[in-house]
There are 4 protein chains.
Amino acid sequence: MIVVMRIDSSEEQGAAVIERIESFGLRGEVIHGEQRKVIAVLGQVFPDLRDELATMVGVDQVLRVSRPYKLASREVREGDTVVDLPYGVSIGNGRPVVMAGPCAIESEEQLRETAAQVKQAGAHILRGGAFKPRTSPYSFHGLGLEALEMLQRAGSEYQLPVITELLSERDVDVVTEHSDVLQIGARNMQNFVLLSEAGKTGKPVMLKRGLSATIEEWLLSAEYILTQGNRDVILCERGVRTFETATRNTLDLNAVALVKRLSHLPVVVDPSHGTGHWYLVRPMATAGLAVGADGLMIEVHPDPDRALSDGAQSLTPEHFDELMQEASALGRAIGRPLAERPRAAA
Amino acid sequence: MIVVMRIDSSEEQGAAVIERIESFGLRGEVIHGEQRKVIAVLGQVFPDLRDELATMVGVDQVLRVSRPYKLASREVREGDTVVDLPYGVSIGNGRPVVMAGPCAIESEEQLRETAAQVKQAGAHILRGGAFKPRTSPYSFHGLGLEALEMLQRAGSEYQLPVITELLSERDVDVVTEHSDVLQIGARNMQNFVLLSEAGKTGKPVMLKRGLSATIEEWLLSAEYILTQGNRDVILCERGVRTFETATRNTLDLNAVALVKRLSHLPVVVDPSHGTGHWYLVRPMATAGLAVGADGLMIEVHPDPDRALSDGAQSLTPEHFDELMQEASALGRAIGRPLAERPRAAA
Amino acid sequence: MIVVMRIDSSEEQGAAVIERIESFGLRGEVIHGEQRKVIAVLGQVFPDLRDELATMVGVDQVLRVSRPYKLASREVREGDTVVDLPYGVSIGNGRPVVMAGPCAIESEEQLRETAAQVKQAGAHILRGGAFKPRTSPYSFHGLGLEALEMLQRAGSEYQLPVITELLSERDVDVVTEHSDVLQIGARNMQNFVLLSEAGKTGKPVMLKRGLSATIEEWLLSAEYILTQGNRDVILCERGVRTFETATRNTLDLNAVALVKRLSHLPVVVDPSHGTGHWYLVRPMATAGLAVGADGLMIEVHPDPDRALSDGAQSLTPEHFDELMQEASALGRAIGRPLAERPRAAA
Amino acid sequence: MIVVMRIDSSEEQGAAVIERIESFGLRGEVIHGEQRKVIAVLGQVFPDLRDELATMVGVDQVLRVSRPYKLASREVREGDTVVDLPYGVSIGNGRPVVMAGPCAIESEEQLRETAAQVKQAGAHILRGGAFKPRTSPYSFHGLGLEALEMLQRAGSEYQLPVITELLSERDVDVVTEHSDVLQIGARNMQNFVLLSEAGKTGKPVMLKRGLSATIEEWLLSAEYILTQGNRDVILCERGVRTFETATRNTLDLNAVALVKRLSHLPVVVDPSHGTGHWYLVRPMATAGLAVGADGLMIEVHPDPDRALSDGAQSLTPEHFDELMQEASALGRAIGRPLAERPRAAA
């Protein structure tokens, strides 16, 4: 941490800053610049120290030198995190996986039909929403427990690991019981209690980036899960909010490339939410693979026009099939072929 | 709702849209423009219909005509909502109130000292954080239940209604028991389960705007509380996230003026979080009153340099006193004098 | 400037950084932290150095210590800049001024009628657009030279200084000849050639903030004018672009308060563009005064429904009159009464 | 255009709206909804009409049905625009091209060295800045005319078409004389006078998207060039400004996919400015190709550490060579192989 003093700061003010730094068992080293003085803070700093020093009289600003996340950082852990799931599916080992299924589970038929189709097309993981966070209280909120059971049955029948969103602390047990991966949605990225509870389950957790979360905040939220001793964290970029209104969100692939550099955690791209339009899903999915994503999450619905949630961004099974073929070709071309198909349980 | 067809759409595609509209018991009326056809949807539309129609072949876009929130809208309820609190304090009756206190409650002394000072300076409500949502798992997270009890005692001793943040479903009962107003923080604005639970308590709820929430989303989140039969909802603008990094957030006073026009709910302004710098709090607080806010929420700390949370944006008691004097003068000048001081309980 | 080295950087990499620093006649001082090394750059750094160092092998990031603008900064110049205009009108002396008039000048009658009304209501400066930057090539672009002449005549007749936008290098002479203040619009805030040309005229220049310009970029653009030896620069906050779509822009009053602290230049607030809705202009104008603005810029049109440009945000003369009364009362209450009315020329 | 009336609007207010519509020779058709009335405007509407109607008493909002750009729209012109350049290079015919070269031209040697290297690696067009728009007046602003001549000589020597930025109206002739494509930078995207002047030259124009420009505004700016009778417009996505600060900009590939759908104009991606970090350029370049871009623009510098401008985002020749190999492989895999190498002039 570097404390930048004001040009007009006094000797006493500088001394007071050093005294405060030393009161925490740290050391302050003064550097005299041409115009002003800066004070380097040496030792193991803690996050709240910045605020403390920033408000002292004579201080202009406090600059951070180290990144505030630790367990999520490549500086701490060498190698890539690989998350292992049932049926021999792994995320993060260099071969991308595809998660696919309906936004919301609407019925056993709808789910089974979709599962059969995405399995056939080569998907590795089945997604399906049981509890849906909706902006309006008047929208469809999912079938709840019933849908969880359908999802577990479909995963078992089609031999696909399953993923679904955990929306509330009260559902931690039941979602953990029925799902192979717990998804934390964008709106809950800073629901810190929920993050900790999800971490405690020991189940793999996929953490979506918040609508206006910086990359640093996203990794700090991952840190909430990791500090519970749960190392199986998957990140998911699903679009951020900008001034642009022609697309639902702005899928930030810069972030994917950068996070792969900053962190050892696998990163999945969700072009369905990231664009909001089914016709943009295929190009952005392949772009996601090109940029180095460890997986894709795609909404597929047998009849998107009649979907109870997010129909506008869901692919038909036919379009999904095309996407899988293009993704396969591209993966081979860039030396990152799609993962092998899930294996039947022994 | 208005369905805009593509210029090159066919007769059959238009007919299919009308058929779909009629399948919901609604009526579709076609208007033939110069270049293209639009179809007005008549009857009581529901929110998910938009997505359904938007994906149909031949449809260019679907425009909404009505606002999606109802109970929060001035179109539904005449007059302003007034929320009554203990000690004769009311929010929303045209005379602004001031909520003040430490960001986080750190000790009985710190809280009592602050309470005495803000009461003396003319504050109407005592704020203090017991459960603190922090970006980093390594930051101070509040004293929890112990702090709730301190807050309740301080409110009782200094005869001030109290407000504190509800962070988790598991704390609903205990926070409801100790606080006069439940605060929902910006990061939980779309934690829909928490909103519903808060609504069910029947206690007044103050709902902060999310960091990147549109005004419409904010009012829809209020709707989650209102649909539980709880009419005592207070909105709080606390700054949104923009590209600007020189201030912590961008306090959006446009939103305050607009929400007062769209909704009957009272609106409070939080210039402490809205700016992130103590020296911007006073000017933005008075600007908030000038724009028509029903109240202010101000962080005050007896020794901001040593605050465990958000010291950089906390006022000293002296600065708070100055702010109250300026706010008083301004309130009188614009015909909206500050509310009377809390009354001793009978 | 502070160079932060990577945790895994080598001795040689650090030495290379210092060598590079010294090659510019500067000095590098190494501080050894617990985990990593940082190197302070001592001497008169220049802006492009940051990029040079940031790309060197072993460097993690380069932090800036000083602000990059100089002539615009309070650290360089004590006291406030006061810009003097004809008819005894001054901007920046603690008493706010009001600029008012039509968005676009449409006819001699429209302009004279508006000028008479705003003068009567107490405005200090007459605004009117002759060259209009419009998003679409199919919109009305102003009457050009003819409008400039009308503006000059109206200013003379009603004894008001006038301001109009300079849109193009080719118009510098003619606008300078006809207007007392040259306005640089938001879209041209980083049209650096135009800024320099405007600076060279020696006429007062009002520089609007760009739609997504940071405060630092805004002050650096002011610096382009100031470095031409022209000290009469006025800043104008007119709203920034955010994700919110319910208002045309988000008027950033935080920025006004902060710029008054960082810079000695006067700051004017434009709530007409800053909100885009006439019914939000009055509350945001008074909020602008409360926050410390040195002036307001308000669009007034005798018949906003029939305005050829920006009718939706223009006030009727009646509404403008109400605004002036409220602004007067508020100015007196906060010890910053509106400026005296323009004086007849001797 | 659809006029939505307020729920509480009167018959007279509706009649006044229709009268106003008819006064422009258009027709208003009333649709009575359950709660409110909407009025469809039939006939050839003009952009400013929206504002006129939006301010009328009783009107809630005015919704647009058609897109405001015409010549740039696929609805107007079938097929893709293909821009032909010297040496047989074409942009927009399905085979992507690569533009490469230094951000700023610093010397004849630097430029010739870079040109030789990028030609060798397979680039199709040589870029190089002669006039540089810089945020700070104290930064390097390019060598001007001298650099233009160097660029023309290098293009001729290495048989590559050249592109450089047009920064000012005063330079239109000289840049047109020396360059095969005129680049309009992001900061000038709404410098409407410059757009028109560039359009009049008849030379191909590459229009970069503004830092916070919506897709609609971008296409309207293209329209300013197209309405001059110049059909050779190339769009360039170079990153938008968001809240994220870890990358210099947020490269918006959603926009590329969407613009290819909305418009017939070719779209180029600039991952150098779009990310700001050389190590993100390669992944984002390949992502740009995957999403369907017609070309890439890449900054290459023989010694990025010593670049006078934007060194942090420039590739070394070695890294550029790797990028070209990966781009080639990816292009073949997705059926869009890179364009053939430039042909020697006959």
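How much area do chain A and chain B bury between them, and what percentage of it lies on carbon and sulfur atoms? The two chains bury about 4200 Å² between them, and 46% of that area is on carbon and sulfur atoms. Please keep in mind that this is a predicted model.

Allow me to begin with this interface. On the side of chain A, 49 residues are in contact with 49 residues of chain B. Three residues of chain A deserve mention by name: A:Thr55, A:Tyr138 and A:Asp305 supply 15% of the area that chain A buries against chain B, more than any other three residues.

I turn now to the polar side of this interface. Between chain A and chain B there are four salt bridges. One of the salt bridges joins B:Arg170 to A:Glu197, with the closest N and O atoms 3.6 Å apart. In addition, 18 residue pairs are in polar contact across this interface, both residues of each pair being at pLDDT 80 or more.

Which helices of chain A each supply at least two residues of the side that touches chain B? They are helix H2 (49-54), helix H6 (192-201) and helix H7 (215-226). The largest share, four residues, comes from H7(A). By class, the side of chain A that touches chain B divides into 19 nonpolar, 14 polar and 16 charged residues.

Let us proceed to chain D and chain B. Here 29 residues of chain D are in contact with 30 residues of chain B. The area buried between these chains is about 2200 Å², and carbon and sulfur atoms give 53% of it. Within chain D, the residues that lose the most area to chain B are D:Ile31, D:Val65 and D:Glu75; together they account for 22% of what that side buries.

D:Glu75 appears a second time, in a salt bridge with B:Arg36 whose closest N and O atoms are 3.1 Å apart. The count of salt bridges between chain D and chain B is four. Six residue pairs are in polar contact between these chains, again with both residues at pLDDT 80 or more.

Which elements of chain D each supply at least two residues of the side that touches chain B? Strand S1 (2-5), strand S2 (27-32), strand S3 (37-42) and strand S4 (59-63) each do so. By class, this side of chain D has 10 nonpolar, nine polar and 10 charged residues.

Thank you for your attention.

Notes:
Residues are numbered from 1 along each chain as its sequence is written. Chains are lettered from A and ligands numbered from 1 in the order in which they are written. This is a predicted model: local features need pLDDT of at least 70, side-chain atom pairs count only at pLDDT 80 or more; totals for chains, interfaces and linings use all residues. Side-chain values use heavy atoms; hydrogens and water are left out. Contact means heavy atoms within 4.5 Å. Buried area is the accessible area (1.4 Å probe) that two parts lose on being put together, summed over both. A salt bridge is a side-chain nitrogen of Lys or Arg within 4 Å of a carboxyl oxygen of Asp or Glu. A polar contact is a pair of N or O atoms within 3.5 Å; within protein, one must be able to donate a hydrogen and the other to accept it, and residues adjacent in sequence count only if both atoms are side-chain atoms. Ala, Val, Leu, Ile, Met, Phe, Trp, Tyr, Cys and Pro count as nonpolar, Asp, Glu, Lys and Arg as charged, and the others, Gly among them, as polar.
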